[in-house]
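The following explanation leads the reader through one protein structure, step by step. Please keep the sequence and the three-dimensional view at hand while reading.

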Amino acid sequence: FRRTLAHHLGTDAPAAMVRVRVAHLSPNAPAVDVCLRPASASGFAGVRPTLASNMVAAGLSYTQVTAYLSVPAGAYVARLVAPGSMNCDTALAGLPDVNLPALTGGQVATVAAVGVLGGMGDTSFRVVPFIDDLTPAPATSKVRVIHAAPGVPAVDVGLLDGMNMFTGIFNNVSFPNAAMVGMGTYLTTTQPLPGVTLAARPANMNIPNRAGYPLVIDGVQSTAGQIITAFAIGQLGNDQTPLSALVCADNAPAMGLLTPCAVLPQRAFVRVAHLSPDAPAVDFCIRNGSTGDFVGPVLRANNIGGGMGASFPALTQYLAVAPGAYTVRLVAPNAMNCATSLAGLPDYNLPMLPAGARATALATGLVGMGAPMLQGFNLTAILDGNAPPPAGQIKLRFFHAAPDAPAVDVGVLAGGMFTPVFPNTQFRALATPMGSEANTGYLSIAPLASANLQVRVAGMSTVALDLPGVSLPADAPNGRAISVFAIGRLQGMGNTRLSAFVCQDRQAATAGIAPCVRVPAGT
């Protein structure tokens, strides 16, 4: 981006130049590339996608903002195209082109993709331009707030002190607009921010305690001369793309081809899978580290399970926590506090979760008396990752959680031939076949259409489980990633029957429970 787009626009760069950047703020839209042409041109013939022409074939993903592009002054038309496109002939998903406001020499703008694909009315997907101000302010810092969180009502953004007193700064900011401060959109601080707590609340609403604020960010700092844009992004109640702030240092040097931005507050994400066929319903408590007080019960606090906890088989939504190493205590589903563990079970330690990490804590094995040691109950964790599958593919992985089943091969049966995909996977193990992602076990494959899958005893033709007619298309927002858990018991009946628990890992939870189906269905 350190060169102009004059070549790609088919023009010679005049003396008057402007700068434009692109922000991907739509939580369910795939990666995009962008094409720009002068409004006076009749079409996009000869124009190349901006990112592809700068050797960024993967495009721009949600929460990414490009560096500023230098282009000749004037009015432009923008078209979003699929990443990796070689030309600008076809708009992504048939989206309409967008007319940008005319920019005169020296002006700076951000073109933001906002809303949700498939959204209606106010939440509909669109491209919105904002005029930026990069005029230096050497002794101060400049901050603005842009509401880009679809479905979130107007908010007040301000300071929250230790006594929970809220002081509004940017008031009644609605989607998809920049907050107004006096006659402009930037707040020029008299001195750099020393490390304050910023909070967002529904406009004009008093909130009695910190926990009631939908967004709280501690330790916000700015330095002299810094110009910052804070985009409110994400969606309320969505465990995949939660309400957050994307804070960008607008006048900082670019990081490669991107503006330096950070998603705040820093979070890690954990969900819990109840895959123990003879364990009762549970709730759980957590603490950050090995000492201190437990917090919870978590499911009750988040109104998941209606006070009845999670029963076999179930997978909760992702729960946002501060980065760290956590200890988990299982408690009874009707527990009002964390004092007593369920059935005297020990506390369990999860691995370190850095900011942005996603993990699944798996309750597996048997709690009944006399269960063999290797089949005994335990709580372990696997990392889930955040990367979407390649375009046109799905991501699939397999975890063996059937305690009395031997090692298995999972594969495709076609024309009488069995092809293992996840070979020789032992109980309580994540399959990691050749070509799968390190640490997460996902394998990127072509979508499945009425495929016949089988689970066989490892290295043998003995069929443990038939899964006929499985269809897994690749048309889900943010790409489709699937975890398949072998659950139940070899001789189990009814709810404890041997089966596959198929969970959509990149789709939002409903009422606190992740989207999963049991295959085959029935009792």
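Leaving aside its neighbours within four places in sequence, with which residues is F377 in contact? In this predicted model, F377 is in contact with S276, A279, L330, L345, Y348, A363, T364, G365, L366, V367 and R428, once those sequence neighbours are set aside.

F377 also belongs to the largest nonpolar core, a group of 27 residues. Together with F284, I286, V328 and L330, F377 is among the members that touch the most other members. Several elements each supply at least two residues of this core: strand 17 (268-274), strand 18 (283-288), helix 3 (298-301), strand 20 (319-321), strand 21 (326-331) and strand 23 (358-364). Another core, of 23 residues, lies apart from it and includes V32, V71, L80 and L92. As a general background, nonpolar side chains in soluble globular proteins tend to be buried together.

The next topic is the arrangement of strands into sheets. Strands of a sheet pair through backbone hydrogen bonds, in either a parallel or an antiparallel manner. One open sheet has three strands in the order 18-21-22, and its pairing is antiparallel. Strand 18 and strand 22 (348-349) each have a single partner strand and stand at the edges, so one side of each is left without a neighbour in the sheet. Strand 21 and strand 22 run antiparallel and are joined by two bridges. Within this pair, V328 stands opposite Y348 of strand 22. Both residues have appeared above: V328 in the largest nonpolar core, and Y348 among the contacts of F377.

A second open sheet to examine consists of five strands in the order 11-8-14-15-16, with mixed pairing. Its edge strands are strand 11 (187-188) and strand 16 (261-264), each of which pairs on one side only. Strand 8 (residues 142-147) runs antiparallel to strand 11, and two bridges join them; K142 has T188 of strand 11 as its bridge partner. By contrast, strand 8 and strand 14 run parallel and are joined by six bridges, with I146 standing opposite F231 in strand 14. Six bridges also join strand 14 to strand 15 (residues 244-249), and this pair runs antiparallel. There, A232 has A245 of strand 15 as its bridge partner.

Is strand 14 largely enclosed or left open by the rest of the structure? Seven of the seven residues of strand 14 (residues 227-233) are buried, so this strand is largely enclosed by the rest of the structure. In a regular strand, the side chains alternate between the two faces of the sheet. In strand 14, I227, T229, F231 and I233 lie on one side, I228, A230 and A232 lie on the other, and both faces are covered.

Attention may now turn to a pocket. The second largest pocket has a volume of about 1,100 Å³. It is lined by 35 residues, of which R267, N302, L319, A320 and V321 are the closest to its centre. The lining divides into 24 nonpolar, seven polar and four charged residues. Strand 18 gives the most to this lining, with four residues. Other elements that each supply at least two residues include strand 13 (215-221), strand 17, helix 3, strand 20 and strand 21.

A final stop is R48, which is located in the loop between strand 2 (33-38) and helix 2 (50-53). Its relative accessibility is 34%, so R48 counts as partly exposed. Although R48 and M86 are 38 residues apart along the chain, their C-alpha atoms are separated by 6.7 Å.

Note on methods. Residues are numbered from 1 along each chain as its sequence is written. This is a predicted model: local features need pLDDT of at least 70, side-chain atom pairs count only at pLDDT 80 or more; totals for chains, interfaces and linings use all residues. Side-chain values use heavy atoms; hydrogens and water are left out. A nonpolar core is a set of buried Ala, Val, Leu, Ile, Met, Phe, Trp, Tyr and Cys residues joined through side-chain atoms within 4.5 Å. Buried means under 20% relative accessible area, exposed over 50%, partly exposed in between (1.4 Å probe, protein chains only). Contact means heavy atoms within 4.5 Å. Two strands pair if DSSP finds at least two bridges between them. On a 1 Å grid over the protein atoms alone, a cavity is a set of points where a 1.4 Å probe fits but cannot get out, and a pocket is an open set with protein on both sides within 12 Å along at least five of seven lines; lining residues have an atom within 4 Å of a point. Grid points are joined across faces, edges and corners, and a volume is the space filled by probe spheres set on the points. Ala, Val, Leu, Ile, Met, Phe, Trp, Tyr, Cys and Pro count as nonpolar, Asp, Glu, Lys and Arg as charged, and the others, Gly among them, as polar.
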